[in-house]
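Here is a walk through a model, going from one helix and its surroundings out to the whole chain and then back in to the ligand. Keep the viewer open and follow along.

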Amino acid sequence: MREEDFVAALRKCGARVFIVGGWVRDQIRGVKAHDKDYMVAGIEEKAFANLFPEAEKVGKSFPVYLVAIDGKKSEVAFARKERKTGSGYCGFAVEYDPSVTLEEDLYRRDTTMNSLAMELPSRQIHDLYGGIADTRRGIIRAISEHFCEDPVRALRAARQAAEFGFAIEDNTYRLMAACREELAGEPAERLLGELRRALRAPKPSVFFRCLNRAGILAITFPELAALIGKTQPAAFHPEGDAFEHTMLVVDKVAAQTSSVLARFAGLVHDLGKGTTPKEMEPHHYGHEERGLEVLTAWNQRMTLPRDWLQAGGFVIAEHMRAPLLGKEAKIVDLLLRIDRSNLSWEEFLAVIMADHQSLPDYLQNGEGYVRKMKQVSGRDCPEGLTGKKIGEWIRSEQLKIYRSLVVRSDSAD
Ligand SMILES: Nc1ccn([C@@H]2O[C@H](COP(=O)(O)OP(=O)(O)OP(=O)(O)O)[C@@H](O)[C@H]2O)c(=O)n1
């Protein structure tokens, strides 16, 4: 159905139709807007369903319909009011009868930039809370004290600050802080959803810094908050403590690759520094082992995506020794391990480079070396070898190949 037909049918029944939220905000930002969300006011649900029998009802606590408009399935919601009845994001009573007005619907939303509505067909923008000015000035501002009614809005604000390069104003920080208690009871998937989107941002560090400034990093991601104040040798880390170092690394990885997997691995590479005994600081001997324990505990707390867990664990275990190996046999083992990991070479090297600033030849050219080494096949082994002996022969052949390649690349200089 064409948008204009959808709108005309509703207006014939006396309803008003709006595009709301992120799409309108992104028009003002002048960036390619994502999917349109529609909101209708002044119509009974039954009348709507009769008008669009092909619309698919979704949403449990309040009706949202999926309607094919201009070739895309778009969400259509009814103007609604929300009343807090208990804790957490389920503790709401929702009212959505036809008497609910545009003003009431916009008031229950999170921030001014997300409260803009474009009425159709006139395309008039309703800006009740100064959302246009805030969007133009890059300011994230809660509409009212209702902000705290969904505590995950605190993470949304921090994530949108990272995504758009916007600043959160002071009173909104206060409201984010007020979400503290209820955040502890939020489902992990909602927090991880925001973390995933924050990791896609150009500078993911902004997300963690905003949470920290609001005093809620320790509630949401205590493993990262534990890095704050953990000192490091100044000669190697002029940037400051282990948290500052982690923020630097995650942003550097983000500058190299759009891979969320690599960015997560960068985020967690030094988690073990958060549990270094005070008397050992500024050194963090054994932080690789401790880091794996912290990641395991984080996973028990939140159930991380399996591929994040794998990539994070791999980088935690390898990041210190990977660029410092001397023995060829160890280098060959490492190169084969990297190849078997769930990170691509580009992803792994982006993290190591962000952490160490430079790469030895065996890492820089590692992918090519491994490609050649993997050509060795057990089928070519000398007759009479069996079982373990075949494995040993393959390894010694791979080592020979590695040695020949390294010599060649050295002499080519
Ligand atoms: N916790 C939430 C989630 C959403 N919204 C409102 O619902 C709209 C649509 O939400 P959603 O599509 O999740 O996000 P957007 O803000 O549209 O944009 P983005 O996906 O870029 O975050 C938001 O703009 C906001 O008005 C809200 O008030 N509180």
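## Around helix α10

The buried residues of α10 pack against α6 (153-164), β11 (167-168), α9 (188-199), α11 (217-220), α12 and α13. Keep in mind that this is a predicted model. On α10 itself, the buried residues are S205, V206, F207, F208, C210 and L211. Just after the helix comes G215, and its phi is positive, near 75 degrees.

One of the elements that α10 packs against is α13, so let's go there next. Helix α13 covers residues 242-256, 15 residues in total, and runs 21 Å from first C-alpha to last, close to the 21 Å expected at 1.5 Å a residue. Its buried residues are A242, F243, H245, T246, M247, V249, V250, V253 and A254. The cover over them includes α10 (205-213), α12 (222-225), α14 (260-268) and α18 (345-356).

## The whole chain

Zooming out, the chain has 21 helices and eleven strands. Its C-alpha atoms fill a box of roughly 85 × 55 × 40 Å along the principal axes. Of the 413 residues, 38% are buried. If you take the contacts with a separation of 6 or more, 63% of them are between residues 24 or more positions apart.

The domain assignment splits the chain into domain 1 (1-136), domain 2 (138-190 + 197-214), domain 3 (221-371) and domain 4 (375-411). For domain 1 and domain 2, the C-alpha centres are 23 Å apart. Their contact takes 16 residues from domain 1 and 18 residues from domain 2. On the domain 1 side, the residues touching domain 2 break down into four nonpolar, five polar and seven charged.

## The sheet and its neighbour V24

Now for the strands. There's an open sheet of seven of them, in the order β3-β4-β5-β2-β1-β8-β9, and the pairing is mixed. At the edges sit β3 (56-58) and β9 (125-126), each pairing on one side only. As a reminder, strands of a sheet pair through backbone hydrogen bonds, either parallel or antiparallel. Strand β1 (residues 16-20) and strand β2 (residues 37-41) go for the antiparallel option, over five bridges. If you want one bridge to click on, V20 has D37 in β2 as its partner.

Is V24 buried or exposed? V24, which belongs to helix α2 (residues 22-29), has 26 C-beta neighbours inside 10 Å and the cut-off is 20 or more, so V24 counts as buried. Leaving out neighbours within four places in sequence, V24 touches I19, L116, A117, M118 and I125. For a sense of distance, G185 is 161 residues away from V24 along the chain, and their C-alpha atoms are 32 Å apart.

## Backbone oddities

Most residues other than glycine have a negative phi, and most peptide bonds are trans. Here are some spots that are worth a look with that in mind.

| Spot | Backbone value | Location |
|---|---|---|
| D70 | phi near 50 degrees | loop between β4 (64-69) and β5 (72-78) |
| T303 | phi near 50 degrees | loop between α15 (287-302) and α16 (306-318) |
| L120 and P121 | cis, omega about 5 degrees | P121 in the loop between β8 (117-120) and β9 |

Why does D70 count as exposed? D70 has 12 other C-beta atoms within 10 Å, and exposed means 12 or fewer, so D70 makes the cut. T303 is exposed too, with 12 other C-beta atoms within 10 Å.

## The ligand

Which residues surround the ligand? They are G21, G22, D37, R109, D110, N114, S115, D150, V152, R153 and R156. You've met D37 already, as the bridge partner of V20. By class, this shell has one nonpolar, four polar and six charged residues.

Where does that put the ligand relative to the domains? Domain 1 (1-136) and domain 2 (138-190 + 197-214) both give residues to the shell, so the ligand lies between them.

Methods
Residues are numbered from 1 along each chain as its sequence is written. This is a predicted model: local features need pLDDT of at least 70, side-chain atom pairs count only at pLDDT 80 or more; totals for chains, interfaces and linings use all residues. A residue is near a molecule or strand if its C-beta atom, placed from the backbone, lies within 6 Å of it. Ala, Val, Leu, Ile, Met, Phe, Trp, Tyr, Cys and Pro count as nonpolar, Asp, Glu, Lys and Arg as charged, and the others, Gly among them, as polar. Domain bounds come from an automatic or database domain assignment. Helices (H or I, at least four residues) and strands (E, at least two) are DSSP runs, numbered from the N terminus. The expected span of a helix is 1.5 Å times one less than its number of residues. Two residues are in contact if their C-beta atoms, placed from the backbone, lie within 7 Å. Two strands pair if DSSP finds at least two bridges between them.
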